[in-house]
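The following exchange examines the terms applied to a structural model and the grounds for each of them.

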Number of protein chains: 2
Amino acid sequence: MTLEAVLSQIDTDLPEATDRLMKLMRIPSISTDPAYKPECEKAADLLVEDLQGLGFEAAKRPTPGHPMVIGHGGEGGPHLLFYGHYDVQPVDPLDLWDRDPFDPQVETTAQGKVIRGRGAADDKGQLMTFIEAIRAWKAVHGTLPCRLTIFLEGEEESGSPSLVPFLEDNRHELGADLALICDTGLFARDKPAITTMLRGLLGEEVTITGPSKDLHSGQFGGLAMNPIRVLARVIADLHDTSGRVTVPGFYDGVPDMPVELLEQWSALNFGAGEFLGEVGLSTPAGEQDRTPLEQLWARPTCEVNGIWGGYTGKGFKTVLPAQAHAKISFRLVGDQDPHKIRDSFRDMVRAQIPADCTVAFSGHGAAPASQMAIGDPAFEKARRALSDEWPNEAAY
Amino acid sequence: MTLEAVLSQIDTDLPEATDRLMKLMRIPSISTDPAYKPECEKAADLLVEDLQGLGFEAAKRPTPGHPMVIGHGGEGGPHLLFYGHYDVQPVDPLDLWDRDPFDPQVETTAQGKVIRGRGAADDKGQLMTFIEAIRAWKAVHGTLPCRLTIFLEGEEESGSPSLVPFLEDNRHELGADLALICDTGLFARDKPAITTMLRGLLGEEVTITGPSKDLHSGQFGGLAMNPIRVLARVIADLHDTSGRVTVPGFYDGVPDMPVELLEQWSALNFGAGEFLGEVGLSTPAGEQDRTPLEQLWARPTCEVNGIWGGYTGKGFKTVLPAQAHAKISFRLVGDQDPHKIRDSFRDMVRAQIPADCTVAFSGHGAAPASQMAIGDPAFEKARRALSDEWPNEAAY
């Protein structure tokens, strides 16, 4: 059987495939930090070269940010598009890494061998899995299995600002029968999942300015407004005591969960305590009137991803700082409108700013949620294929 | 008259005196950051050498932190002790400096010539003023004016952890009739002040830990407790809506202001709007039922001097951080007990920490307020001397 020969070829080629992944992982393609722009270009170049070697007509395509990598190859239906991203998240705080995150290694752990390094799980490992599958198929058959488009982004970890404009500008070239995205999670270590809905993402950076310069708190403290105090109040008020987000209109467009899906999720026997226990926690911290899986998968959220202001070094400095900053993100579901929520959030914050302070916002991405039509037979085919290869049946 | 000759000598020697101050200011003696320990030693060495050149028996004296500089010289009463500190505050954020803060320059401004650089106003400028006064006296008279002890600390900007133990261990050596401290402010640019009460200082660093490691907010958001959210609530709740500090028992020991002093302050015609206007503010932000000068001079305060957690670099990272941190300081007055307030603050914070989070504290200094007996004739002598040299009479 031809598939068995391909699977066997994949096993044979595993050491070389691992080396190729490591080579890609050694490139620190951190998209959010402009200092790493050349590294993003380097990662894109490496992928273009690899795709060309597999017979793809491949090229790096410019955007206002980091380039897209596009490859076309193969013939015959269906036309499949594979999306992945070659950029990675920043690696700080560096002192929590045991080693250089861009010097990946295969480690033997209690759960088996793992590849440790930035991008192994998000998303260089996944995108190379698809490329290696294509490589193995080609080695066995001499051709590609069908018409394939490879579409690799370099800005996924920084809000994908170029993605939608690029898709719109190239809608005919990138149109396909099916798009495969491998950038989500397993349900459990031994149980794969096909993600059929994705929360959207709205990012906001807030800067509150009080005094025109940093002050000595001994000289001005008690009289001058401290912007950290204002920012803390803004953040504290983003959730009420029941864990609900307080931005006016935030829950507009959040759908009720279909009873069948709630029942299916209930059958998964998700252990919130166990899930949280792996990261040192125990208690679901979201909306208290929702089940843990709803909090995690179905409900919109608001998180503070970063906060800073004043003196943050060792020791003490009695500064009354001029500015305080926070990065805040919202995960969106259903028909929540990211632009309306952005406006409502900004209005809510502005209303909390005292006369002596000013606030400035900068947006980082505004993507609505998406939900797929799981009636399409491709979902069941994908589930069967995944279930064949894993100890447990794949979940939707 | 001998004093006139000394004053004239000071004027003559001004260029060289300025050079000596600049030399001291070029040493980045940032006491709070261990990386600058050698620079603190260097500043102490320079001062010891200068004092020895003036005939003082001077030495660097070790402490568990940065060394003290002690110099003894002169004969006859009264025995005066001069205290100053050779350490300086950190200089970040560096991008708000027009130049290297440790490359001081004399600048001509609309208000006259100023020396711009770290430590010019706190406290290298002041301590060198005393040393230059001694140098001029010695140049004219060949001897020192009376028995003098110079006592220079290197940890004032980091909570003075060694000061009290050192004073206790050397109480006989450092006993004096009068101690002069020149490390406070003018009332106005053209009106000097003799500070007769000083607020105490209690510093606390708070670290709240949620998850055992940084999480991806897309994967855990909604379910995992975010320590920034907890910290924001803690900070927001430190003041009530009227600007009062909410730490239980915080105002125990805060004295009522004597009516006479309130009247004297009222006569100063302090313009809060003008004072705040110089730093881009307009509205007193302290206790709303107190006058601006009370908020500034007489009332205890709570300030957040620094806050940090999560991703604080450029761009965005959808992290749900393991930890959030803040540096919080309290200015204390009257008989407020820093140790009781520390305990009460920590209890209050602990009570706000959800089951899934932990909190750790580290203390940075705990000094009570001090108030001097202004009936001593030395105060009036000092006021007359200052008033002679300035356009306006000195204020208490």
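Q: In which helix is the place of Glu389(A)?
A: In this predicted model, Glu389(A) belongs to helix α13 of chain A, which covers residues 377-389.

Q: Why does Glu389(A) count as exposed?
A: A residue is called exposed when its relative accessible area is over 50%. Glu389(A) has a relative accessibility of 56%, and therefore it counts as exposed.

Q: How far apart are Glu389(A) and Glu168(A) in sequence and in space?
A: The two residues are separated by 221 residues in sequence and, from C-alpha to C-alpha, by 36 Å in space.

Q: Why are the two copies described as related by a two-fold rotation axis?
A: A turn of 180° with a shift of 0.0 Å along the axis lays chain B on chain A with an RMSD of 0.1 Å. The copies are therefore related as by a two-fold rotation axis.

Q: Why is it said that the copies meet through the same surface?
A: Of the interface residues of chain B, 100% are also interface residues in chain A, so the same surface is used by the copies.

Q: Which residues make the contact of α1(B) with α2(B)?
A: The axes of helix α1 (residues 2-12) and helix α2 (residues 14-25) of chain B come within 5 Å and cross at roughly 65°. Ile10(B), Asp11(B) and Thr12(B) of α1(B) meet Leu14(B), Pro15(B) and Glu16(B) of α2(B), with contact taken as heavy atoms within 4.5 Å. These residues comprise 3 nonpolar, 1 polar and 2 charged.

Q: Into which domains is chain A divided?
A: Chain A has domain 1 (2-183) and domain 2 (200-254 + 300-368). Their C-alpha centres lie 35 Å apart.

Note on methods: Residues are numbered from 1 along each chain as its sequence is written. Chains are lettered from A and ligands numbered from 1 in the order in which they are written. This is a predicted model: local features need pLDDT of at least 70, side-chain atom pairs count only at pLDDT 80 or more; totals for chains, interfaces and linings use all residues. Side-chain values use heavy atoms; hydrogens and water are left out. Axes are lines fitted to C-alpha atoms, for helices over the stretch in contact, and angles run from 0 to 180 degrees between N-to-C directions. Helices (H or I, at least four residues) and strands (E, at least two) are DSSP runs, numbered from the N terminus. Ala, Val, Leu, Ile, Met, Phe, Trp, Tyr, Cys and Pro count as nonpolar, Asp, Glu, Lys and Arg as charged, and the others, Gly among them, as polar. Copies are superposed by least squares on the C-alpha atoms of residues with pLDDT of at least 70 in both. Domain bounds come from an automatic or database domain assignment. Buried means under 20% relative accessible area, exposed over 50%, partly exposed in between (1.4 Å probe, protein chains only).
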